[in-house]
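Me: Please examine the structure shown below and explain how its pockets and rings are described.

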Amino acid sequence: MTGGSKGYAFIEFECDDVARIVADTMNNYLFSERLLKCQFLPPERVHEDLFKNCDRIFRKPSQPAVRRYNRTRSLVEKARMTKRLLRKERLLRKRLAEKGIDYDFPGFATQALCKKRKRVKTSKKSKLNVSLTTQDPTPVCTPAVLERRKAAQVDDDAEDDEITLRLPPASVKNAVQRPEKQPRKRPNPKIQK
């Protein structure tokens, strides 16, 4: 019960002839990239409770379990959850060892240790070309990355005896000159000849 569309609907008409015409006309109609299938059901085939509570306004389910699961937790609750997860993982490893299974898997304990590791500093040039590696599915081409690359290329050329002049781009207001707006003259209804 997500409240999303189920992909089908029932429409009730007062007149059977109108319902037949609509069903024949709209059958196989292309509607937002899908074929619409319409069928006419005679009144004797319609279930008596099909349109029960049809006049009531539909409200999406509140899904209290989802809200409860996704709520923000205090530090005490997080510590309790971590302790519980580590205990369950320790028991699982113990049960596997008792059954003679030698299986080492990365569990919750290794994830907790990974967060405590310090970051290793990388050079400026390696950061610039991060998006150019062949392992990446898509290259990063954001304006900030492109600007960093341009700045790195300018720094590489600094060894030459060239002078590079970089000017900020002109603002849009200065680039486009617009004529001043003249106030509209409105006819005065009081003065009539």
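Reply: A definition comes first: Ala, Val, Leu, Ile, Met, Phe, Trp, Tyr, Cys and Pro count as nonpolar, Asp, Glu, Lys and Arg as charged, and the others, Gly among them, as polar. The model discussed here is predicted.

Me: How many nonpolar residues are in the lining of the second largest pocket?

Reply: The second largest pocket holds about 420 Å³ of space. Its lining includes Tyr-8, Ala-9, Phe-10 and Leu-50. Divided by class, that lining has three charged residues, one polar residue and, as nonpolar residues, eight.

Me: Which element supplies the largest share of the lining of the largest pocket?

Reply: The largest pocket encloses about 1,000 Å³, and 29 residues line it. Two elements, β2 (34-36) and α1 (16-26), each give at least two residues to this lining. The largest share, five residues, comes from α1.

Me: Is the aromatic pair of Tyr-8 and Phe-10 stacked or edge-to-face?

Reply: A pair of aromatic rings is described by the distance of the centres and the angle of the planes. For Tyr-8 and Phe-10 the centres are 6.0 Å apart and the planes stand at 75°. Planes over 60 degrees apart count as edge-to-face. The pair is therefore edge-to-face.

Me: Is Phe-10 buried, partly exposed or exposed?

Reply: Buried means under 20% relative accessible area and exposed means over 50%. Tyr-8, at 54%, is exposed. Phe-10 has a value of 46%, which lies between the two limits, so Phe-10 is partly exposed.

Conventions. Residues are numbered from 1 along each chain as its sequence is written. This is a predicted model: local features need pLDDT of at least 70, side-chain atom pairs count only at pLDDT 80 or more; totals for chains, interfaces and linings use all residues. Side-chain values use heavy atoms; hydrogens and water are left out. Rings of Phe, Tyr and Trp (its six-membered ring) pair if their centres lie within 6.5 Å; planes under 30 degrees apart count as stacked, over 60 as edge-to-face and the rest as tilted. Buried means under 20% relative accessible area, exposed over 50%, partly exposed in between (1.4 Å probe, protein chains only). On a 1 Å grid over the protein atoms alone, a cavity is a set of points where a 1.4 Å probe fits but cannot get out, and a pocket is an open set with protein on both sides within 12 Å along at least five of seven lines; lining residues have an atom within 4 Å of a point. Grid points are joined across faces, edges and corners, and a volume is the space filled by probe spheres set on the points. Helices (H or I, at least four residues) and strands (E, at least two) are DSSP runs, numbered from the N terminus.
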